[in-house]
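Student: Before I use terms such as buried, paired or in contact at the bench, I would like to see how each of them is justified. Could we go through a few cases together?

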Amino acid sequence: MKSNMQERGINSTFKKIIYESSEMVFLADDTYPYTIFYGNELFEKEIGDNLEQRNLVGLGLDVNSYIFKEELLLPVNGKEYAFALELPHENESNYYLFYRGKQLDGSDSPSRQEAIGFFQASQQLIGVGEYHLLTFVNALGLQTLGYKPHEILHVDLAGLIHPDDRTEFSAAWAKGKQLNKPFSISFRIQSKAGTFLSLDASFSFIEERFFVTAKESDPEPKEKAIRKLQLDLLNSTTEVKPVGYWIYKPKTHKISLDQFSADLLGTSKSLKLDSKKTPKVLRNSFKKVIKEVSAMNGPSAESELSFEVREKQTVKIKAAKGWDNGIEVIYGLIYDQSDYLQREEENSFFKSLFMEAPEAMFLVKDTGDILIINTEARKLFEVTESNLPAHLDDFSSKVIDQESPLDWIKPIEEFDNERFTRFVNQKNQKMTLAIRSKVIECQKEKFIAISFRNITEKVSLEKSLEENTEFLMNLTDQVPGGLYQMVLSKEGEMKFAFLSKGIGAVLGLESAEIRNLKDIGLAMANVHPSDLPQVVMTSVASAQKLEPWQCQFRVKTGNQDKFKWVMGAARPQRLESGEMVWYGYLADISQQKEIETKLDEARYAAEKANQIKSDFLSMISHELRTPLNAISGSVYSLLQESPSDYQKNALNTINFAVDNLIIMINDLLDFQKIEAGKLHIEHAPFNLEELLNQIIKGLTFHARDSKNKLKLDLAPELDLVVKGDKTRISQILNNLITNALKFTQKGVVAVKVDLVNKERDKVRLYFEVQDNGIGIAPEHQEKIFEDFDQVKPTFSKKYGGTGLGLSITKKLLGIMGSQIRLESEEGKGSKFFFELELEVAENQDSSIGTDRAKSTVSTALHMLMAEDNEVNALVLGKIITKWGYTYDRVMNGMEAVEAMSSGQQYDCVLMDIQMPVMNGFEATLQIKNNFDIPVIALTAAAKLEIMEQIKECGFDGFVAKPIDAAELHSVIKDVVQRFQSKA
């Protein structure tokens with residue numbers, strides 16, 4: 001212990017320690033955390049042995065707060081001890097000396113801390129001192145006088161007394177101390193602002209100590225008003241300036257100025273506010289502040305105004321109410337603001353530069369007092385104007401490392417480099433800060449600029465990079481396939497710069513071969529000869545276009561006769577040196593290729609099977625439609641010959657059967673098209689009311705045949721032209737209505753169409769088909785919409801049908817953006833309903849899409865019929881003849897072209913599609929290229945199958961077999977009329 005004390009230069013105080021060893025003594029370092037390196041026996045017994053940390057920080061002491069005090073209080077384990085304190089600079093040492101330590105009396109009298117707390121809360125100014133020096137001033141006293149503790153403590157009280165009051169004060173002080181009696185006195189004391197405050201004070205003495213309580217006295221009104229203005233002035237400017245005085249008396253309307261004010265304003269010492277001789281700017285300015293003050297009440301009534309008396313010279317006047325011999329007057333100050341405003345503007349500019357600097361910065365004194373915290377620093381440390389720290393030590397609790405924020409400025413004078421500290425922000429998140437500091441000397445004072453950079457992310461990234469490097473190297477070795485880096489030099493030489501271990505498995509190489517594999521030519525030697533050109537060409541293209549490279553090729557395996565499939569992919573990058581680098585990978589895709597081969601085979605088989613099915617359905621459709629066409633045409637001809645009622649019923653029955661067969665054929669074809677995704681929804685204008693009436697009219701015979709009543713409930717506002725696929729809408733409604741008629745006997749089938757809403761160019765329509773037939777049980781309601789399915793197998797025998805009608809209806813509505821819904825109860829009937837949104841046509845001509853237009857076509861048309869089937873030609877000829885038309889018949893397309901070239905004039909050509917020698921498509925192309933005549937396609941094939949060819953060949957109309965005579969007649973008149981109108 002002795003050598004330790006000698007090392008610290010403590011021999012000079014050793015006798016003192018021994019002498020006062022009956023009281024507690026200890027010594028502590030003068031650097032953070034202020035380690036206690038010595039304590040006498042009594043200190044160790046009472047305090048030292050119970051300490052967890054032998055330092056002042058562990059005792060909870062802030063040494064800086066005791067710099068101007070000679071005594072400190074130390075609470076330990078519920079007890080309170082008092083120590084005298086000697087600072088390092090007082091004994092020219094490097095330690096703090098704490099002596100005269102003793103435990104305070106724990107009686108019922110208030111503790112010293114309680115007493116200090118009482119003094120601090122007092123509404124009077126309270127001070128304590130020794131000899132003439134103040135050692136304690138309560139909070140109200142500091143606030144009133146404007147001082148900080150270290151600015152007034154240990155200061156001679158007499159030096160603060162107004163010079164005019166010092167003689168009286170010194171005499172009263174000496175008498176009171178001699179008689180040891182309290183005394184009261186009024187005097188003026190200097191504030192930090194340089195002004196003097198009037199106090200009424202009481203003093204008492206205990207030996208060399210004195211105690212004072214005081215309150216601010218009320219000075220004369222004039223003095224108080226002027227003092228307040230002076231105090232405001234001094235608080236609002238950075239330095240004391242010459243100040244002039246003026247007074248305004250309302251009765252005389254005059255302003256009296258002192259000589260300084262008169263010189264400053266360039267006028268006489270007396271101004272009349274109502275005189276035009278007084279400069280206008282002075283009249284207006286004084287009038288304004290006088291008016292404002294006069295309108296105010298209370299002691300705080302005051303006003304101020306700045307104005308220019310001459311170019312680049314600004315003065316400021318202040319005014320407050322006062323009294324002169326009991327009469328209310330206005331007192332005021334006046335001073336030159338020009339230099340101040342100029343300095344303020346300059347200061348504001350430089351402060352703005354500092355405040356808005358892109359880096360977080362503090363400006364502090366060498367004591368650690370913070371002067372400015374700029375905007376970025378406020379964001380970094382999460383502080384606002386209301387809670388700005390005043391000292392660097394205010395950040396102590398947030399610093400993680402064992403250092404004081406004051407250390408941030410210590411090394412600056414020794415070296416100028418970055419230091420690092422870890423910090424906890426308001427959200428309890430840890431940050432790493434890089435700190436740089438620089439000493440700035442200005443006006444003989446030292447200031448320190450400290451900059452902060454948040455490098456938390458950088459530190460984290462560096463740590464993460466270190467961890468990820470190892471991870472990536474392991475990942476590179478473990479990833480399936482192989483990674484590589486390939487370099488193309490400026491000289492055109494290609495080499496591998498990096499190869500992962502996985503390359504060996506892909507290329508069939510050993511580890512030693514991989515290490516020696518630098519030349520890309522060795523790798524290329526393993527590529528299948530057929531794939532080598534592709535690999536080379538794609539690599540060259542990638543380099544030229546700087547586009548990613550991807551290629552699939554075969555390489556040799558260990559068995560030289562076998563190859564494996566490899567996929568290579570890479571992304572090129574051109575370096576500043578001119579070299580090209582590829583970063584890529586190679587993967588064995590042999591298994592994937594096997595799967596692709598099997599999938600291709602399966603897809604080919606499925607497509608072939610689908611094509612066979614499609615061809616079969618088309619063939620069946622054509623073969624069925626041809627005889628049906630003969631039957632339908634023959635029935636039509638017979639119906640035109642005035643048959644008897646009995647014969648008419650028989651003929652209608654035949655027609656009904658033909659229609660059912662056609663529906664079945666169309667259902668099969670539509671189903672096949674929907675499944676193949678080739679069904680096209682048209683978007684053409686048609687009259688909605690006309691279409692619905694045609695549908696109902698067409699099913700009237702079916703309704704009579706099933707002894708049902710068919711009725712249509714159509715909203716009156718639906719007589720409009722809309723755009724959509726009227727064929728598919730007709731098909732949907734036909735399916736639903738025929739279903740309802742089929743499963744209803746002697747009942748009612750009601751069709752209802754309503755307008756849900758109409759918005760500009762769109763309408764939403766509600767369709768409903770309701771019957772009172774056999775109904776559908778709940779468990780079968782989903783099943784009826786499935787393909788080729790009916791409620792029961794016996795239904796197909798009893799009611800007929802393919803089981804596709806409702807399935808196609810559901811799919812068609814789905815394609816059109818709608819959904820079929822069903823409500824049904826067994827034995828009571830069913831209701832099918834859906835909604836459709838259609839576009840309203842711009843042209844609402846009622847003849848659009850209908851047959852309402854009156855035809856002006858001649859009844860004596862001469863037709864050219866190209867038909868190879870004798871029966872179809874016979875039936876078609878009878879139909880044409882019934883209309884009063886004449887015709888010439890040819891057997892194939894070649895003959896049709898020759899007939900047109902013979903010079904015979906025809907009004908229209910009826911062209912069968914499937915004919916020998918030359919089909920209808922080829923014939924129509926030749927006819928259209930040479931003659932201006934309408935051509936109508938007649939075919940047993942479905943329209944959708946040949947729609948593209950029909951458009952390409954230039955057909956003017958289309959009629960499907962079996963031919964509907966009325967439809968054919970309408971198409972003929974329409975196309976002929978169009979050609980005649982063009983002519």
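Tutor: The turns below take up single residues and strands of this predicted model, setting values against cut-offs.

Student: Why is Gln337 called buried rather than exposed?

Tutor: Gln337 has a relative accessibility of 5%, and the term buried applies under 20%, so Gln337 counts as buried. This residue is found in the loop between strand E16 (327-336) and helix H11 (338-355).

Student: What makes the pairing of the Gln337 and Ser306 side chains a polar contact?

Tutor: The two side chains are 2.9 Å apart in this contact, and the cut-off for a pair of N or O atoms is within 3.5 Å, so the pair qualifies as a polar contact. Leaving aside neighbours within four places in sequence, Gln337 is in contact with Ser306, and also with Thr314, Val315 and Lys316.

Student: Why does Ser204 count as partly exposed?

Tutor: Its relative accessibility is 26%, and partly exposed covers the range between under 20%, which is buried, and over 50%, which is exposed; Ser204 therefore counts as partly exposed. Ser204 lies in strand E9 (residues 196-206).

Student: Which residues does Ser204 touch, beyond those up to four places away in sequence?

Tutor: Ser204 touches Pro182, Arg209, Phe210 and Phe211. Pro182 is 22 residues apart from Ser204 along the chain, yet their C-alpha atoms are separated by 4.3 Å.

Student: How do you know that E9 and E10 pair?

Tutor: Pairing needs at least two bridges, and E9 and strand E10 (residues 209-216) have 8 bridges in the antiparallel sense, so the two strands pair. Within this pair, Asp200 stands opposite Lys215 in E10.

Student: What is the order of the strands in the open sheet, and which strands are at its edges?

Tutor: The 5 strands follow the order E7-E6-E10-E9-E8, with antiparallel pairing. Strand E7 (133-137) and strand E8 (183-190) are the edge strands, each of them pairing on one side only. Helix H7 (residues 163-179) packs on this sheet, where H7 touches E8, E9 and E10, and the direction of H7 makes about 145° with that of E8.

Student: What makes E20 and E21 a pair, and what lies between them?

Tutor: Strand E20 (residues 430-442) is joined to E21 by 10 bridges, against a requirement of at least two, so they pair, and they run antiparallel. Their hairpin has 2 residues between the strands, and Gln443 takes a positive phi near 50° there. The bridge partner of Cys442 in E21 is Glu445.

Note on methods. Residues numbered from 1 in each chain as written. Predicted model: local features only at pLDDT ≥ 70, side-chain atom pairs only at ≥ 80, totals over all residues. Heavy atoms only, no water. Helix = DSSP H or I, 4+ residues; strand = E, 2+ residues; numbered from the N terminus. Buried < 20%, exposed > 50% of the residue type's maximum accessible area, 1.4 Å probe, protein only. Contact = heavy atoms within 4.5 Å. Axes fitted to C-alpha atoms, helices over the stretch in contact; angles between N-to-C directions. Polar contact = N/O pair within 3.5 Å; in protein donor to acceptor, adjacent residues only side chain to side chain.
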